[in-house]
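Work through the exercises below with the model open. Try each task before reading its solution.

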Amino acid sequence: MWQITPIETGMIEVTAVEAINRSGVHHHPEETLYVPNISYILENKMAELTVLVDPGLRKHVVTLNSRKIIQTEKHIRALEKIRSIEYSFVLLTHLHKNCAEGIMELSGKPTIYIQKKEMQYAVAPYEIERRYYGYEDQDTMQHTLHFVSAYHQFSFLSGSKQIAPGLICISLPGHTPGYQAVYVKGETKNYLIAGDLLFTSKNIDLKLPPSIRTDTAAAVLSIQKILNMNCVILPGHDASVFELTK
């Protein structure tokens, strides 16, 4: 079956309320958090498949939507390793810049699986959501949008689908309209790469989505579906995933 290797590719500055949808002074929503940006390499040696989930940001990025990005030499080396591998295919949970922009730097031209609804939204998001998809960079003429640059590599899904034996993309809208998680069958446990829908382990404990979401009702329903699954849940930006996947 599949072996999961999470890789920290940087640290992102966020506020507590962005990570966990709890407002009010008693919850300190203004508290600054530094959370890991995480990519996953999945390997199935029997099937001779190597898969990348969410390639992350480009190398040498210092800001993201006016937030601070920390990329140490360790992170740069990790990104260079990720970029050097020839992947069987790539899975994107969604097209937000911090998770998907790295598709522009991948070796070769692997097929990239994404939900069709995610691309439909990304090309015309709500004004408040434009920055998450990289439009601020395009507006200042820094570079072409990542999902436009790699458009010819996309294979579009309409709902949940098994991509390979023991590897399923599960449609779970809420964080974005076309959000998907990745279900992975391991040798002794099954895992769900929940990504940004469950931003940290606290989101799992409190059953709360992050404040960044396009549909609250859909996000809550998707989280409930995840909690009903018999699997190890891997949150999007939480160092706990490195222990959970050992």
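**Exercise 1. A buried glutamine**

Task: Establish whether Gln115 is buried or exposed, then find its surroundings.

Solution. This is a predicted model. Start with accessibility. Gln115 has a relative accessible area of 4%. The cut-off for buried is under 20%, so Gln115 is buried. Next, place the residue. Gln115 belongs to strand S7, residues 112-115. Now list the contacts, leaving out residues up to four places away in sequence. Gln115 touches Phe156, Leu157, Ser158, Gly159, Ser160, Ser171, Gly178 and Gln180. Finally, check the side chain for polar partners. The side chains of Gln115 and Gln180 are joined by a polar contact of 2.9 Å.

**Exercise 2. The open sheet**

Task: Give the strand order of the open sheet and find which strands stand at the edges.

Solution. Begin with the order. The sheet has 8 strands, arranged S4-S5-S1-S2-S3-S6-S7-S8, with mixed pairing. Then go to the edges. S4 (63-64) and S8 (154-157) each have a single partner strand, so one side of each is left without a neighbour in the sheet. Now look at what covers the sheet. Helix H2 packs on it and touches S1 (3-15), S2 (32-44), S3 (49-53) and S5 (67-70). The directions of H2 and S1 make an angle of about 135 degrees.

Take one pair in detail. S6 (residues 89-91) and S7 run parallel and share 2 bridges. Within this pair, Val90 stands opposite Ile112 in S7. As background, strands of a sheet pair through backbone hydrogen bonds, in either the parallel or the antiparallel sense.

**Exercise 3. A histidine in the packing helix**

Task: Locate His75 and name the residues it touches.

Solution. His75 sits in helix H2, which covers residues 73-84. Its relative accessible area is 3%, and it is buried. Set aside residues up to four places away in sequence. The contacts of His75 are then Glu8, Thr9, Gly10, Met11 and Ile70.

**Exercise 4. A hairpin and a parallel pair**

Task: Compare how S9 pairs with S10 and how S12 pairs with S13.

Solution. Take S9 and S10 to start. S9 (residues 161-164) and S10 (residues 167-171) are antiparallel, with 3 bridges. Lys161 faces Cys169 in S10. The hairpin has 2 residues between its strands, and Gly166 takes a positive phi near 80 degrees.

Turn to S12 and S13. S12 (residues 190-195) pairs with S13 in the parallel sense, over 4 bridges. The bridge partner of Ile193 is Leu234 in S13. Then follow the side chains of S13, residues 232-235. Val232 and Leu234 point one way, Ile233 and Pro235 the other way, and all are buried.

**Exercise 5. A threonine in a loop**

Task: Find what surrounds Thr176 and which side chain makes a polar contact with its side chain.

Solution. Thr176 lies in the loop between S10 and S11 (180-185). Despite the loop position, Thr176 is buried, at 0% relative accessibility. Leave out its neighbours within four places in sequence. Thr176 is then in contact with His94, His96, Glu118, Tyr133 and Thr214. Its side chain makes a polar contact of 2.7 Å with the side chain of Glu118. The side chain of Thr176 also reaches the backbone nitrogen of Tyr179, at 3.3 Å.

**Exercise 6. Cysteines without bonds**

Task: Count the disulfides, then explain why Cys231 has no bond to Cys169.

Solution. The criterion is a pair of cysteine sulfur atoms within 2.5 Å. The count comes to 0 disulfides. Cys99 is in none; the nearest cysteine sulfur, in Cys169, is 14 Å away. Cys99 is buried, with a relative accessible area of 5%. For Cys231, the closest cysteine sulfur is that of Cys169, also 14 Å away, so the two are too far apart for a bond. Cys231 is buried too, at 17% relative accessibility.

**Exercise 7. Positive phi outside glycine**

Task: Place Glu48 and Lys207 and give the phi of each.

Solution. Glu48 lies in the loop between S2 and S3. Its phi is near 55 degrees, a positive value in a residue other than glycine. Glu48 is exposed, with a relative accessible area of 70%. Lys207 lies in the loop between H7 (201-206) and H8 (216-227). Lys207 is not a glycine either, yet its phi is positive, about 60 degrees.

Note on methods
Residues numbered from 1 in each chain as written. Heavy atoms only, no water. Buried < 20%, exposed > 50% of the residue type's maximum accessible area, 1.4 Å probe, protein only. Polar contact = N/O pair within 3.5 Å; in protein donor to acceptor, adjacent residues only side chain to side chain. Contact = heavy atoms within 4.5 Å. Pairing = 2+ DSSP bridges. Axes fitted to C-alpha atoms, helices over the stretch in contact; angles between N-to-C directions.
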